[in-house]
Amino acid sequence: MAFLRSFFATKQIIRRSFTTESSSSSTSTPKGFFAVYVGESLKKKRYLVPVYYLNKPCFQALLRKAEEEFGFDHPTGGLSLPCDEAFFFTVTSQIR
């Protein structure tokens, strides 16, 4: 049950991310992707991640960490992941 709640909350964050980003002319997100923000709080970088990553256990672990650290309120408008870029690249390279 907790997984479903987390999944639907993540979908809500992603939906808000698409809404926020589609209204901004400086950034655009291609269909099938969503934005995540990775890195230190003052130096966060935006990355586009394929939606199918949401089904991968190692990416779901990052989402759980994000939920624990940030809850479901992400001030960047996208999903903030609580890890450095090196760890993010390690996780995403395992998925590919």
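## A walk through the chain, starting at K31

Select K31 to begin: this residue is exposed, with a relative accessible area of 83%. You're looking at a predicted model, so keep that in mind as you click around. K31 sits in the loop that joins α1 (2-23) to β1 (33-38). Now add P50 to the selection and draw a distance between the two C-alpha atoms: you should get 9.0 Å, for residues 19 apart along the chain.

Step along to G32, which lies in that loop between α1 and β1 too. G32 counts as partly exposed, at 39% relative accessibility. Show what touches G32, skipping neighbours within four places in sequence, and V49, P50 and V51 light up. For another distance, pick the C-alpha atoms of G32 and L48: they are 16 residues apart along the chain and separated by 9.6 Å.

**Zoom out**

Switch to cartoon and colour by secondary structure. The chain has three helices and three strands, and from the N terminus on they come in the order α-β-β-α-β-α. If you colour by accessibility instead, buried residues make up 38% of the 96 in the chain. Want a contact map alongside? Of the contacts with a separation of 6 or more, 47% are between residues 24 or more positions apart.

**Two helices**

Next, select residues 57-70 for helix α2 and residues 85-95 for helix α3. Their axes come within 9 Å and cross at roughly 150°. An angle over 145° counts as roughly antiparallel, so that is how α2 runs relative to α3. Show side chains for the contact: α2 brings C58, F59 and L62, while α3 brings F87, F88, V91, Q94 and I95. Colour those by class and you'll find seven nonpolar residues, one polar and no charged ones.

**Rings**

Time to show the aromatics. The structure holds six aromatic pairs. Start with Y47 and F88: their ring centres are 5.3 Å apart and the planes meet at 35°, so this pair is tilted. The two rings come from distant parts of the chain, with Y47 in strand β2 (residues 45-50) and F88 in helix α3, 41 residues apart. Is F88 buried or exposed? F88 is buried, at 3% relative accessibility.

Now go to Y52 and Y53. Here the ring centres are 5.2 Å apart and the planes sit at 85°, so the pair is edge-to-face. Check the surface around each ring: Y52 is partly exposed at 47% relative accessibility, whereas Y53 is buried, with a relative accessible area of 4%. Keep both selected and add F34 and F59, because ring pairs link these four, F34, Y52, Y53 and F59, into a cluster. You've met F59 already, as one of the α2 residues in the contact with α3.

**Last stop: cysteines**

Select C58, another α2 residue from that helix contact. C58 is partly exposed, with a relative accessible area of 25%. Then jump to C83, which is buried, with a relative accessible area of 10%. How many disulfides does a search of the whole structure find? The search finds zero.

Technical notes. Residues are numbered from 1 along each chain as its sequence is written. This is a predicted model: local features need pLDDT of at least 70, side-chain atom pairs count only at pLDDT 80 or more; totals for chains, interfaces and linings use all residues. Side-chain values use heavy atoms; hydrogens and water are left out. Axes are lines fitted to C-alpha atoms, for helices over the stretch in contact, and angles run from 0 to 180 degrees between N-to-C directions. Helices (H or I, at least four residues) and strands (E, at least two) are DSSP runs, numbered from the N terminus. Angles under 35 degrees count as roughly parallel, over 145 as roughly antiparallel, 65 to 115 as roughly perpendicular and the rest as oblique. Contact means heavy atoms within 4.5 Å. Ala, Val, Leu, Ile, Met, Phe, Trp, Tyr, Cys and Pro count as nonpolar, Asp, Glu, Lys and Arg as charged, and the others, Gly among them, as polar. A disulfide is a pair of cysteine sulfur atoms within 2.5 Å. Buried means under 20% relative accessible area, exposed over 50%, partly exposed in between (1.4 Å probe, protein chains only). Rings of Phe, Tyr and Trp (its six-membered ring) pair if their centres lie within 6.5 Å; planes under 30 degrees apart count as stacked, over 60 as edge-to-face and the rest as tilted.
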